[in-house]
Amino acid sequence: MIKLLAKVPWRKTGRVSSWYAQNSVGMKMQASLSELTKRFCQVLPEDAVLVKEEQLVPYECDGLTAYRQVPRLALLPATCEQVQAAVSVCRDLELPIVARGAGTSLSGGALPHPEGVLLNFARLNRVLEIDPQNRTATVEPGVRNLAISEATRPYGLYYAPDPSSQIACTIGGNIAENSGGIHCLKYGLTVHNILALKVLTVDGEIIELGGKHLESPGFDLLALMNGSEGMLGVVLQATVKLLPQPHERKVLLAAFSHVRDAGSAVAAIISHGIIPAGLEMMDHFTIQATEQYCSPGYPKDAAAILICELDGYEEELADQTEHARQLLEQHQATDVRLASDEQEAEVLWEGRKAAFPALGNLSPDYYCMDGTIPRKHLAEVLEEIYALSGKFGLRVANVFHAGDGNLHPLILYDANEEGQLEKAEEFGSEILQLCVRMGGTITGEHGVGVEKLDQMCVQFNSKELQTFFAIKSAFDEHGLLNPGKAIPTLHRCAEFGAMHVHKGKLPHADLPRF
Amino acid sequence: MTDSREIIAARIRDAAKHKTALQLLGGNTKAFYGRSIQATPLCLAVHSGVVEYEPSELYITARCGTPLNTIEQIIGKENQMLPFEPPHFGPAATLGGAVAAGLAGPRRASSGAVRDSMLGVEIINGKGEYLCFGGKVMKNVAGYDVSRLMSGALGTLGALMSVTLRLQPRPQCEHTAVVPETHADAIHKMNAWARTPMPITATFHDGKHLYVRLSGSSSAVEKCLSAIGGDYIEQSEHFWTRVREQTHEAFASDAPLWRIQVPPSTGPLGISGPCAMEWNGALRWYATHTEASTIREITCQADGQACRFRGPVIEHVFNPLPPALLKIHQRLKHAFDPEGILNPGKMYPQF
């Protein structure tokens, strides 16, 4: 069996789980830190090799702060050649490699490995080419998502995927997580907007996937790289698709007295052939929190609000906006407002964008979940989440991408109170299992990382997980790239399964029990 | 229905045991595509039927033997369509065949490839194991994206049992503008329009005329028609079906047909023979007797790809893979089909 199946000793804040106690990545004889430093300094400038505790602490976690671990050392390569050289040393010494963009991942995808190297792409941040004729931009992996649209704006073009962290997050990280965002309902996820990748394999070879043309022969490895959480290769360069900026946008705000009505309004809009650029829902608790925080003027009594953004060609837009308004009213919206100008539209969105910090204001900690369900079950799932909130005694807020059924329940807790983190995690786990039962998935856009390894066991059986291992092995035989993330070991699933027996059936019954 | 799946799985297990190569068949309408292989036929068309379809959810799950015609009729009644507008190449075409071939039609440049609509798959791998990947929801990043990997794999990684595809609402109105243009000017114009927000959903140049399909509300379509100028075809569905099915006269030549993909704004390639263009110039069809090596050299210089789409048997239908990529392909093939029994050699001679 491949080595990547080993347990990984991440430290969880507040406790050290016995799960993480042992590391058996099976490396060669451990080289000393000074030997490692020497090796890396031979191929990288000295200031690109970070080994001191105070230099490493900034990398100890990503957006999932409940897990922390400093790497053995961190590298800051500034060119593709330096990345290649660094990876080659890692291969020689069998050092695990964790690539990191801006570290905004919410699932621990960029959590360092204690025995490994953290490869920080901050210095590979150049926009290499903008090709307005073919509507593409070629960039290094450390370029920020928003920087692409900023660079291409003079040409009337932009890069569509806009994850909420787009000011900070990098395109390399977006590819690793197949990031979505508010507008992916209409414009797709990262995978739909990447045309070509230059990838360094762990064997040290550079492979080119895709191109400025639309399709390439062979297996669709370009699609496979998206969302692979840095486990199949190291992205050195990406060519992204650019879209013409839409003529204008219209933003509608609709208030509802019942979550169920808001859910049916979402289904109605989609089934009437309208694909909004964004369709977001906020529940009562979130509305209250947001009003308190930045007063965007949302109807405070509403059980839920929908923000519906439409964009496109002028004439089309006017027709669609009217149609959407009618549908919202037909579904018992108590109030429908249309932003009269761009400034008003900004204000409506401001509340949505401030929802997370607003909720953060109400609680010392929150845990952001990310499950997707078929739209038709929205109301049902929300009601069940409220019931779970009562069961666990933890408050929960819902603000999410309703158009594509992507939920982001925020569980509020206090890490300083004994047992609350565990309770929040258990609550979250139940929500994700609920999503799977409803025909959905445990992660819409945040990735599995270290966070949802257990829930992967609920969604996939052992044969499917073995297929994932085999895919990993096809690219990275020795399991050096981001080991231990995204795909749980069968052993782990067996342990998790033993705790969660569904309908009297033991998952992974074909596995030996320990 | 589970029975037909079980029968197929048993056949594959048996073939794996005896190392018998299988040729997976849907409606046998696209057998010309890819390399020609000799193997025991395994018919998958028996595994058919729609499993789940709810228009408001914008997806359909169907068994792969379901005729493409049936799928399009069912979703058409609800004013929905397959975003990638797949060619059928015959009434027997199945959903599984369309996905395995991975060929998209005229709407490709605006609505994406087959893989862009893939949400989930159920397959039987080369060991006869039944596996499910992806799901029914558009956003799903749990595990590697095996669903998309299946599209265009020509059945070399698994026998598709069912797929879930994202659907798209049919536009309220579609008309097609027709303007006389030379090959070179057509490339220029298509790419200039693609930089505007005009709702263009297909382009086709037959050598003499440029056809531009506009989709959306009637007010928007009419405004764009007048912006583009020239003549127009109302309710142009029939015209685009002929382009998609290659029954349009631009495809009438008997010479081998090459499917060439280049960056869309690439100028004329200088390959002899008639050329039809789609996808804003990114897809160029050449009916030509020019040597394969010459065509590959020209397309390589243009950063493109050349596929010998129809014509007599040749060794390399697709551009050969560089060694590092070939190695990964072979390992992936081995991961799904360790005995190498599923359509071996259909895509490349090495696997």
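Modeller: Ala, Val, Leu, Ile, Met, Phe, Trp, Tyr, Cys and Pro count as nonpolar, Asp, Glu, Lys and Arg as charged, and the others, Gly among them, as polar. By that split, the lining of the second largest cavity has eleven nonpolar, seven polar and two charged residues. This is a predicted model, where local features need pLDDT of at least 70 and side-chain atom pairs pLDDT 80 or more, while totals for chains, interfaces and linings use all residues. Residues are numbered from 1 along each chain, chains are lettered from A and ligands numbered from 1 as written, and side-chain values use heavy atoms, without hydrogens and water.

Biologist: How do you know which residues of chain B are in contact with chain A, and how many are they?

Modeller: Contact means heavy atoms within 4.5 Å. On that test, 77 residues of chain B touch 84 residues of chain A. B:Lys139, B:Val141 and B:Tyr144 lose the most area on the chain B side, together 15% of what that side buries.

Biologist: What makes up the area buried between chain B and chain A?

Modeller: Buried area is the accessible area (1.4 Å probe) that two parts lose on being put together, summed over both. Here the value is about 6700 Å², and carbon and sulfur atoms give 61% of it.

Biologist: Why is B:Arg331 with A:Asp203 called a salt bridge?

Modeller: The term asks for a side-chain nitrogen of Lys or Arg within 4 Å of a carboxyl oxygen of Asp or Glu. The closest N and O atoms of B:Arg331 and A:Asp203 are 4.0 Å apart, so the pair meets that rule. Across this interface the rule finds 13 salt bridges. Helix H10 (residues 323-336) gives the most to the chain B side, with ten residues. That side as a whole divides into 40 nonpolar, 19 polar and 18 charged residues.

Biologist: How many salt bridges are found over all chains, and why does this pair join two chains?

Modeller: The whole structure has 49 salt bridges. B:Arg331 is in helix H10 of chain B and A:Asp203 is in the loop between strands S10 (194-200) and S11 (206-210) of chain A, so the pair joins two chains. Helices (H or I, at least four residues) and strands (E, at least two) are DSSP runs, numbered from the N terminus.

Biologist: What makes a space a cavity, and which residues count as lining?

Modeller: On a 1 Å grid over the protein atoms alone, a cavity is a set of points where a 1.4 Å probe fits but cannot get out, and lining residues have an atom within 4 Å of a point. Grid points are joined across faces, edges and corners, and a volume is the space filled by probe spheres set on the points. The count is nine cavities of 30 Å³ or more. The largest holds about 400 Å³. Its lining has 25 residues, with B:Leu24, B:Leu25, B:Gly26, B:Gly97 and B:Ala100 nearest its centre. H3(B) gives the most to that lining, with four residues.

Biologist: How much space lies in the second largest cavity?

Modeller: About 180 Å³. Among its 20 lining residues, B:Leu119, B:Gly134, B:Asn140, B:Asp145 and B:Ser147 are closest to its centre. H5(B) gives the most to this lining, with three residues.

Definitions and conventions: On a 1 Å grid over the protein atoms alone, a cavity is a set of points where a 1.4 Å probe fits but cannot get out, and a pocket is an open set with protein on both sides within 12 Å along at least five of seven lines; lining residues have an atom within 4 Å of a point.
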